[in-house]
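User: Please choose one part of this structure and take me through it slowly, as I am in my first year. I would like to know what surrounds that part and how it is connected to the rest.

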Amino acid sequence: MKTLFSCAVLGASLCVLAPAGAADKGTAAEAVAMTQKAIAYIKENGKEKAFAEFANPANATFHDRDLYVYVYDMKGVAVAHGVNPKMVGRDLLELRDGDGQYIVKRFIETASGPAGKGWVEYKWPNPVSKSVDLKAGYVERSGDLIVGSGIYK
């Protein structure tokens, strides 16, 4: 009985510890939800106001741990970026990650597909850890824009 109780306590403590580590990073569901909130915000408030809010680190709706919003036009120009304002206005169609994978081209391909949305994996600097990590970016087409957010793996 003592052993059974010890196993139960150990199991319960592991369950409590696991979510704490996971809470440091955004989840796939949270990235999808943030992207959809961003699309709704653009539609309700216009691009100018929305892009300013996506760039505002104090706006917790569009900045949560390692989650943030990015927006590209269908030609590959960054029109909003939650953590790197230097990217805005730049044509990033040819942007590749460290493994040579095209990032923005793959966003466009995914958002132009039949579903108009999906996931793209690539390596990208993590704003929290400051290391280059594997990232899965969720993108969704909204009119002439590709709106996304992503999770670090």
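Analyst:
**Strand β7 and its surroundings**

The largest nonpolar core has 18 residues, and those that touch the most other members are Ile42, Phe51, Phe54, Phe62, Val69, Val71 and Val147. A nonpolar core is here a set of buried Ala, Val, Leu, Ile, Met, Phe, Trp, Tyr and Cys residues joined through side-chain atoms within 4.5 Å, where buried means under 20% relative accessible area, exposed over 50%, and partly exposed in between, with a 1.4 Å probe and protein chains only. Two or more residues of this core come from each of α2 (28-45), α3 (47-55) and β7 (145-152), and α2 gives the most, with 6 residues; helices (H or I, at least four residues) and strands (E, at least two) are DSSP runs, numbered from the N terminus.

The model is predicted, and local features need pLDDT of at least 70, side-chain atom pairs count only at pLDDT 80 or more, while totals for chains, interfaces and linings use all residues. Residues are numbered from 1 along each chain as its sequence is written, and side-chain values use heavy atoms, with hydrogens and water left out.

Leaving out residues up to four places away in sequence, Ile42 touches Lys47, Ala50, Phe51, Phe54, Leu145 and Val147, where contact means heavy atoms within 4.5 Å. Another core lies apart from the largest one and has 17 residues, among them Tyr68, Tyr70, Ile103 and Val104.

Strand β7 itself is largely enclosed by the rest of the structure, because 8 of its 8 residues are buried. Both of its faces are covered, with Leu145, Val147, Ser149 and Ile151 buried on one side, and Ile146, Gly148, Gly150 and Tyr152 buried on the other.

The setting of β7 is an open sheet of 5 strands in the order β4-β3-β7-β6-β5, with antiparallel pairing, and two strands count as paired if DSSP finds at least two bridges between them. At the edges stand β4 (78-81) and β5, each with a single partner strand, so one side of each is left without a neighbour in the sheet. On one flank of β7, 4 bridges join it to β3, and the two run antiparallel; here Tyr72 stands opposite Ile146, and Tyr70 stands opposite Gly148. With β6, β7 pairs in the antiparallel sense over 8 bridges, and in this pair Lys135 stands opposite Tyr152. These two strands, β6 and β7, also form a hairpin with 2 residues between them, and Gly143 in the turn has a positive phi of about 65 degrees.

How buried is one residue of this strand, Ile146? Its relative accessible area is 1%, so Ile146 is buried. Leaving aside neighbours within four places in sequence, Ile146 is in contact with Tyr70, Val71, Tyr72, Asp73, Met74, Phe107, Ile108, Ala111, Val139 and Glu140. Ile146 and Val104 are 42 residues apart along the chain, and their C-alpha atoms are separated by 9.6 Å.

Some of these names belong to helix α4 (residues 104-112), in which Val104, Phe107, Ile108 and Ala111 are buried. What covers the buried residues of α4 includes β3 (70-73), β5 (117-125), β6 (132-142) and β7. To return to the largest core, then, β7 is one of the elements that give it two or more residues, while Ile146 of this strand has contacts that include Phe107, Ile108 and Ala111.
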